[in-house]
Number of protein chains: 2
Amino acid sequence: MRDTVQKRQYANNHISIDSVVLGFDEQQLKVLLVPQQVNMDGKIIIYRKFPGNIIYQDEDMEEAAHRTLEELTGIHGVSMYQFKTYGSRNRTSKPKDLIWLQQTLNIKVERIVTTAYLSFVKLDANILHSTKRYAVTWVPVNNVGELAFDHNTLLNDALAYFRKLVDYCPLIMFELLPRKFTILQLRTLYEFICQKEMDVRNFQKKMVQMEYVVPMDEHEEGVRHRAARFYKFDKVIYNKTRR
Amino acid sequence: MRDTVQKRQYANNHISIDSVVLGFDEQQLKVLLVPQQVNMDGKIIIYRKFPGNIIYQDEDMEEAAHRTLEELTGIHGVSMYQFKTYGSRNRTSKPKDLIWLQQTLNIKVERIVTTAYLSFVKLDANILHSTKRYAVTWVPVNNVGELAFDHNTLLNDALAYFRKLVDYCPLIMFELLPRKFTILQLRTLYEFICQKEMDVRNFQKKMVQMEYVVPMDEHEEGVRHRAARFYKFDKVIYNKTRR
């Protein structure tokens with residue numbers, strides 16, 4: 001038994017970071033993707049992937065997470081929640097992924113173990129300004145198509161993790177919403193999280209429990225429908241009401 | 001900028017698995033440790049660590065998690081919850097850890113990225129039988145002393161993860177409790193999870209909410225105090241009452 005064990009080769013693999021960045025554009029939850037451009041027999045094929053890259057030997061994983069996100073998207077200074085590590089030996093077995101790794105990183109790869117992080121941003125003018133020099137796209141989470149590597153699995157896991165995180169820490173919702181938001185915006189996000197539609201009355205009941213969502217003296221402007229009141233998140237009340 | 005970046009060396013590291021296995025001995029929450037025996041200048045020093053090892057090139061991480069746990073402790077067939085990956089470049093910098101890696105695995109290691117898993121077992125005759133041929137010890141979680149590598153951090157993170165997991169899925173508590181348990185046992189475990197003592201009356205109120213904890217027609221035997229009634233966990237009721 002011991003002999004057999006010693007003959008097997010220990011894994012010695014590249015380690016990468018992938019970042020799932022979620023943003024809410026007031027109507028839909030979206031995820032940030034970057035292009036994976038592959039030259040296959042002279043034909044350029046473009047898939048999409050999460051921003052991420054292999055970490056360097058002289059950097060910690062958390063450092064690499066922030067570095068790769070900024071290098072590929074311009075986004076910096078966000079909280080990054082590590083949610084899962086993927087190490088299947090087959091995760092880099094698709095031909096186009098292998099070609100992309102060789103063409104882009106100039107390395108021959110057996111397996112890459114990747115650690116995935118989740119971040120939240122407000123999809124506002126600031127973030128669009130930060131990212132405008134980069135080849136990024138914001139795609140509705142329900143409509144990403146086929147992603148590179150095992151990134152479709154990563155996205156599903158990220159969304160499941162997001163739902164649990166909000167359940168435990170509702171504060172996360174307000175990292176996605178604009179500073180001033182309408183009840184409709186809050187409800188839209190909430191429905192996505194709960195994976196069910198809520199009628200206005202049921203959502204009003206839910207709102208009563210969220211004492212930290214407080215009305216402002218401002219209303220929407222320049223809208224065709226009746227202007228909705230704006231609400232804001234009150235962190236002081238939130239901290240008092242949470243155990 | 002690009003030139004500087006390309007000169008840095010990509011990490012190519014061993015990947016390991018570490019397992020934090022929690023057990024409840026009816027009075028205390030305990031964690032399973034294995035010895036880390038090091039020969040330092042002819043003197044044998046023994047530290048403790050979590051059961052774990054480097055994964056092989058031809059196995060998936062989940063496979064490696066189950067394999068290493070069984071090889072080192074005899075425990076098999078348990079659920080393993082992946083909770084965090086540790087990749088600090090300094091995590092294998094303590095001299096005794098480096099010596100142990102060389103003496104035990106015969107490898108020179110720069111950094112090992114480790115993925116940590118959490119499991120729960122009933123500390124009963126079965127588990128003691130499974131582990132009796134192995135050099136394992138069950139140590140109260142509050143009293144583990146200095147562990148190898150960054151394993152004290154792993155333990156703290158594992159306990160924080162355990163508390164969140166129970167909050168989300170109370171079922172986990174009953175993976176730790178014996179099949180028949182007393183209210184005192186349930187309260188002891190519950191107090192550990194909530195990190196606060198509860199008086200009997202307050203805990204009774206809490207119990208009313210746990211409809212899935214049902215009284216049995218059996219009582220403790222051969223005890224000096226008044227024999228307490230046994231309770232059991234009813235999974236059918238649990239599944240009905242959970243959303």
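Start with the nonpolar cores of this predicted model. The largest of them has 93 residues, and the members with the most contacts inside it are A:Val20 and B:Val20.

Select B:Val20 and show what surrounds it. Beyond neighbours within four places in sequence, B:Val20 is in contact with B:Val31, B:Phe50 and B:Ala116. The list continues with B:Leu118, B:Leu154, B:Leu155 and B:Ala158.

Now colour chain A by secondary structure. There are 9 helices and 9 strands in chain A. Its C-alpha trace spans about 70 × 50 × 35 Å along the principal axes. Of the 243 residues in chain A, 32% are buried. If you draw a contact map, take the contacts in chain A between residues at least 6 apart in sequence: 69% of these join residues at least 24 apart.

Next, select residues 151–168 of chain A, which form helix H5. This helix has 18 residues and reaches 25 Å from first C-alpha to last, close to the 26 Å expected at 1.5 Å a residue. Show side chains for A:His151, A:Leu154, A:Leu155, A:Ala158 and A:Phe162, the buried residues of H5(A). Then turn the view to look down the axis of H5(A): the buried residues fall within an arc of 95 degrees, so they line one face of the helix.

Which exposed residues sit on the face of H5(A) turned away from its buried side? Select A:Asn156, A:Ala160 and A:Tyr168 to see them.

Go back to the buried side and add the strands of chain A that its residues pack against. These are S1 (12–24), S2 (29–40), S3 (43–49), S5 (81–86) and S6 (112–122).

Bring chain B back into view and select the contacts between the chains. Here 29 residues of chain A are in contact with 29 residues of chain B. On the chain A side, S1, S5, S6 and H5 each supply at least two residues. The largest share, 4 residues, comes from S1(A). Colour the side of chain A that touches chain B by residue class: 10 residues are nonpolar, 10 polar and 9 charged.

Finish by superposing the two chains. A rotation of 180 degrees, with 0.0 Å of shift along its axis, places chain A on chain B with an RMSD of 0.0 Å. The two copies are thus related as by a two-fold rotation axis. Both copies use the same surface, and 100% of the contact residues of chain A recur in chain B.

Definitions and conventions. Residues are numbered from 1 along each chain as its sequence is written. Chains are lettered from A and ligands numbered from 1 in the order in which they are written. This is a predicted model: local features need pLDDT of at least 70, side-chain atom pairs count only at pLDDT 80 or more; totals for chains, interfaces and linings use all residues. Copies are superposed by least squares on the C-alpha atoms of residues with pLDDT of at least 70 in both. Two residues are in contact if their C-beta atoms, placed from the backbone, lie within 7 Å. A nonpolar core is a set of buried Ala, Val, Leu, Ile, Met, Phe, Trp, Tyr and Cys residues joined through C-beta atoms within 7 Å. A residue is buried if 20 or more other C-beta atoms lie within 10 Å of its own, exposed if 12 or fewer, and partly exposed in between; C-beta atoms are placed from the backbone. The expected span of a helix is 1.5 Å times one less than its number of residues. The arc is that of the directions from the helix axis to the C-beta atoms. Ala, Val, Leu, Ile, Met, Phe, Trp, Tyr, Cys and Pro count as nonpolar, Asp, Glu, Lys and Arg as charged, and the others, Gly among them, as polar.
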